[in-house]
Amino acid sequence: MTSRRSLHTQIRRLLGGYAVLLAVIIILVIADDFLEDRVWKSLLQREIAAHVQRAAEDPAHAWEDTDSLQLYSVPGREPPPGLSMLPEGVHDDFWFDGRENVVLVQQMQGVRYFVVRDITGIETIEDAVLLGSLCLALVALVIIGVLVARGVRKALRPLSDLASDIGALSPDHTGQQVGLSEGASSELHVITNAINDYLRRQDDFVERERVFIDTTSHELRTPIAIIAGASELALGHDDLPAPARQQVQRIHRTARDVERLVALLLTLAKDPARLSRSSEVVPLHELLPDIIDDHRHLMVDKDLSIVIDDLAPCSVSAPLHIVQAAIGNLLRNAIENSDSGEIHVGLDGDATVTVQDPGHGMTPEDISRLYAQMARGGGREGGGIGLDLLARLCEHLGWTLSIQSAPGRGTISRLRLSR
């Protein structure tokens with residue numbers, strides 16, 4: 001089995017290498033001053049030792065200053081006031097007589113020596129070398145920083161690819177899996193395996209739900225069809241008493257409503273791809289008058305009438321019973337929330353059905369609550385499929401439902417069906 005490094009280890013190594021390089025450069029800069037002091041101390045001590053040795057060998061020997069080197073001793077040659085206050089040790093960058101010097105103060109054989117070395121030219125070269133070294137170090141840091149950034153980006157690229165694959169998952173498809181590119185860390189393999197396992201379990205769950213809904217809808221359709229068929233046959237008898245006929249008509253309408261509700265639930269259980277294969281071309285301008293006739297019984301005992309406005313010739317591709325249920329729901333709500341007046345029904349060429357009722361209307365707060373109820377699938381009132389299921393249906397099929405209302409001015413509902 002291939003050993004995989006963790007993402008934490010990869011990033012830690014990259015950043016650790018960068019930190020080590022940065023520490024080395026800082027140490028070299030600090031060590032430059034330390035080494036410089038050690039070199040100057042060694043060189044100037046040799047000058048003092050050589051002078052002491054010559055003086056011991058030749059009592060007549062006398063030190064002779066040069067342009068770049070002077071020697072003062074106490075007792076003997078007293079140093080200038082600026083030097084006499086210096087303690088023992090090396091003193092770099094000491095300005096004396098307008099020049100930059102390095103001074104060594106040392107006690108030897110009871111004599112206090114002051115060696116002054118002019119380093120003006122040397123310091124200029126040293127500054128240039130140091131500046132060049134710092135520039136090279138800075139360039140190296142930038143290059144290494146770029147390489148580290150690329151390494152981190154390379155280490156994180158599988159994570160970005162995984163996030164893109166997860167974002168591309170669609171709830172309408174089954175058998176989906178997410179993959180990993182080469183070089184992925186051990187943590188990403190754990191996450192990917194967990195996601196793929198979840199997707200497999202989700203597919204199993206959806207399949208069980210689909211089988212359950214298909215079976216249940218089939219079992220429900222049979223008794224409902226029997227009830228609807230029997231009530232329709234009963235209505236065909238002329239000798240059926242009027243009170244009984246009214247009850248049988250009610251049974252027949254309810255059976256048809258339940259049949260449409262079962263069809264709607266089955267539609268919501270199908271993915272849009274499967275649903276599109278079972279759709280048919282529905283001429284809305286021909287279907288609307290039939291839907292209106294089916295709901296006229298709801299206006300009994302009400303001073304209401306339905307006015308059909310312009311019906312632009314228009315067709316959509318959708319299951320016929322779903323279109324009937326959706327438009328019928330809007331018409332049912334308009335009738336139930338109106339007492340008198342005219343309900344106007346119209347159809348635009350873009351497959352938008354408009355239902356305008358003369359009811360009491362709703363305040364903006366009422367409309368907000370209604371949309372919130374539709375969004376969360378809240379309970380419904382009255383008959384039909386309910387606005388909650390209608391909202392889910394619109395989302396599932398790509399339809400658009402909008403409601404406009406004002407207190408005392410009625411409500412306008414617009415349902416735009418995708419063509």
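Start by selecting Glu 187, which is partly exposed in this predicted model: its relative accessible area is 32%, a value that lies between the 20% limit for buried and the 50% limit for exposed. Widen the selection to residues 186–235 and you have helix H4, where Glu 187 is found. Now add Leu 159, which sits 28 residues from Glu 187 along the chain. Draw a distance between the two C-alpha atoms and you should read 9.8 Å.

Next stop: the sheet. Which order do its strands follow? Color the four of them and read across: S1-S4-S3-S2, in an open sheet with antiparallel pairing. At the edges are strand S1 (69–74) and strand S2 (89–96), each of which pairs on one side only. Turn the view to look across the strands, and follow a twist that averages 25 degrees from one strand to the next.

Stay with S1 for a moment and select strand S4 (residues 111–118) as well. The two run antiparallel and are joined by six bridges. For one bridge in detail, show Leu 71 together with its partner in S4, Val 115.

Finally, move on to helix H8, residues 320–336. How many of its 17 residues are buried? The count is 14, so H8 is mostly covered. To check its length, pick the C-alpha atoms at the two ends: they are 24 Å apart. At 1.5 Å a residue, a helix of 17 residues should span 24 Å, so the expected span and the distance in the model agree.

Notes
Residues numbered from 1 in each chain as written. Predicted model: local features only at pLDDT ≥ 70, side-chain atom pairs only at ≥ 80, totals over all residues. Heavy atoms only, no water. Helix = DSSP H or I, 4+ residues; strand = E, 2+ residues; numbered from the N terminus. Expected span 1.5 Å × (residues − 1). Buried < 20%, exposed > 50% of the residue type's maximum accessible area, 1.4 Å probe, protein only. Pairing = 2+ DSSP bridges. Axes fitted to C-alpha atoms, helices over the stretch in contact; angles between N-to-C directions.
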